[in-house]
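Here's a quick briefing to read with the model open beside you. Have a look at the fold first, then work through the points below.

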Amino acid sequence: MLKTILYIAIGGAIGSVLRYLTAVLVSKFWSSSFPLATFIVNVLGCFLIGFFIGYLEKNQFTNDSLKWFLITGFCGGFTTFSAFGVENQFLFQNNHSFLAISYIGLSIFLGLLAVWLGLNLAK
């Protein structure tokens with residue numbers, strides 16, 4: 001169990017750092033009310049989790065450590081539902097209701113599409 005926690009922690013740390021670096025990079029090129037950095041990491045994270053699951057299933061990986069590291073750790077640390085929630089609350093409070101609804105709709109639709117694409121690309 002301790003080994004599993006270590007794999008999840010390392011994957012989560014890498015994912016969290018990459019999420020932060022994505023936010024830093026996006027902020028250099030994007031200044032808008034739309035939370036593009038969180039949108040990018042969540043859609044990309046959906047694609048990656050689909051890809052990882054599809055790839056591991058296709059290749060019949062039985063190594064649970066790799067699953068814990070990539071799926072629970074990395075993807076869990078990289079994506080962020082809490083930031084998605086607070087950013088939408090902020091948009092609604094600042095009378096950007098259309099932007100908030102667009103963000104919610106696009107995140108859900110593109111997130112599901114990205115998982116599907118990842119799964120199919122891996123297979």
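Two aromatic rings from Phe, Tyr or Trp count as a pair if their centres lie within 6.5 Å, and planes under 30 degrees apart make the pair stacked. By that yardstick, a search of the whole structure turns up 11 aromatic pairs. Keep in mind that this is a predicted model. Besides the rings, there are two salt bridges to look at, and a largest nonpolar core of eight residues.

**Aromatic rings**

- A pair of rings is described by how far apart the centres are and by the angle between the planes.
- Take F47 and F51: their ring centres are 6.2 Å apart and the planes sit at 20°, so this pair is stacked.
- Both F47 and F51 belong to helix α2, four residues apart, or about one turn of the helix.
- An α-helix has 3.6 residues a turn, so residues three or four places apart point the same way.
- Neither ring's residue is classed as buried: F47 is partly exposed at 24% relative accessibility, and F51 is partly exposed at 25%.
- F47 and F51 also join F52, Y55, F61, F74 and F78 in one aromatic cluster.

**Nonpolar cores**

- Which residues make up the largest nonpolar core? They are F34, F39, V43, F84, L91, A100, Y103 and A114.
- Three helices give two or more residues each to this core: α2 (36-58), α4 (81-93) and α5 (97-122).
- Of these, α5 gives the largest share, with three residues.
- Apart from that core lies another one, of seven residues, including V41, F52, L70 and F78.
- F52 and F78 turn up in the aromatic cluster as well.

**Around F84, N88 and S107**

- Setting aside residues up to four places away in sequence, F84 touches T38, N42, Y103, I104 and S107.
- S107 sits in helix α5, and it is buried at 13% relative accessibility.
- Looking back from S107, and again skipping neighbours within four places, the contacts are F39 and F84.
- N88 is part of helix α4. Is N88 buried or exposed? At 5% relative accessibility, it counts as buried.
- Beyond its neighbours within four places in sequence, N88 is in contact with A100, Y103 and I104.
- Y103 and I104 are on the contact list of F84 too.

**Salt bridges**

- Side chains of opposite charge can pair when their charged atoms come close.
- K123 bridges to E57, with the closest N and O atoms 3.8 Å apart.
- K123 is in the segment after α5 while E57 is in helix α2, so this pair ties together parts that are 66 residues apart in sequence.
- K123 is exposed, at 57% relative accessible area, whereas E57 is partly exposed at 49%.
- The other bridge links K67 and D64, whose closest N and O atoms are 3.9 Å apart.
- Here both partners, K67 and D64, come from helix α3 (residues 64-78), three residues apart, about one turn of the helix.
- Both ends are partly exposed: K67 has a relative accessibility of 31%, and D64 has 45%.

**Helices α1 and α3**

- Helix α1 (residues 2-29) has 28 residues and should span 40 Å at 1.5 Å a residue; the end C-alpha atoms are 41 Å apart, which agrees.
- The buried residues of α1 are G11, G12, G15, T22 and V26, and they pack against α2 and α3.
- Helix α3 has 15 residues and reaches 20 Å from first C-alpha to last, close to the expected 21 Å.
- Which residues of α3 are buried? S65, L70, G73, F74, C75, G77 and F78 are.
- The buried residues of α3 pack against α1 and α2.
- At the N-terminal end of α3, N63 acts as a cap, with a side-chain oxygen 2.9 Å from the backbone nitrogen of S65.

Methods. Residues are numbered from 1 along each chain as its sequence is written. This is a predicted model: local features need pLDDT of at least 70, side-chain atom pairs count only at pLDDT 80 or more; totals for chains, interfaces and linings use all residues. Side-chain values use heavy atoms; hydrogens and water are left out. A nonpolar core is a set of buried Ala, Val, Leu, Ile, Met, Phe, Trp, Tyr and Cys residues joined through side-chain atoms within 4.5 Å. Buried means under 20% relative accessible area, exposed over 50%, partly exposed in between (1.4 Å probe, protein chains only). Contact means heavy atoms within 4.5 Å. A salt bridge is a side-chain nitrogen of Lys or Arg within 4 Å of a carboxyl oxygen of Asp or Glu. Rings of Phe, Tyr and Trp (its six-membered ring) pair if their centres lie within 6.5 Å; planes under 30 degrees apart count as stacked, over 60 as edge-to-face and the rest as tilted. The expected span of a helix is 1.5 Å times one less than its number of residues. A polar contact is a pair of N or O atoms within 3.5 Å; within protein, one must be able to donate a hydrogen and the other to accept it, and residues adjacent in sequence count only if both atoms are side-chain atoms.
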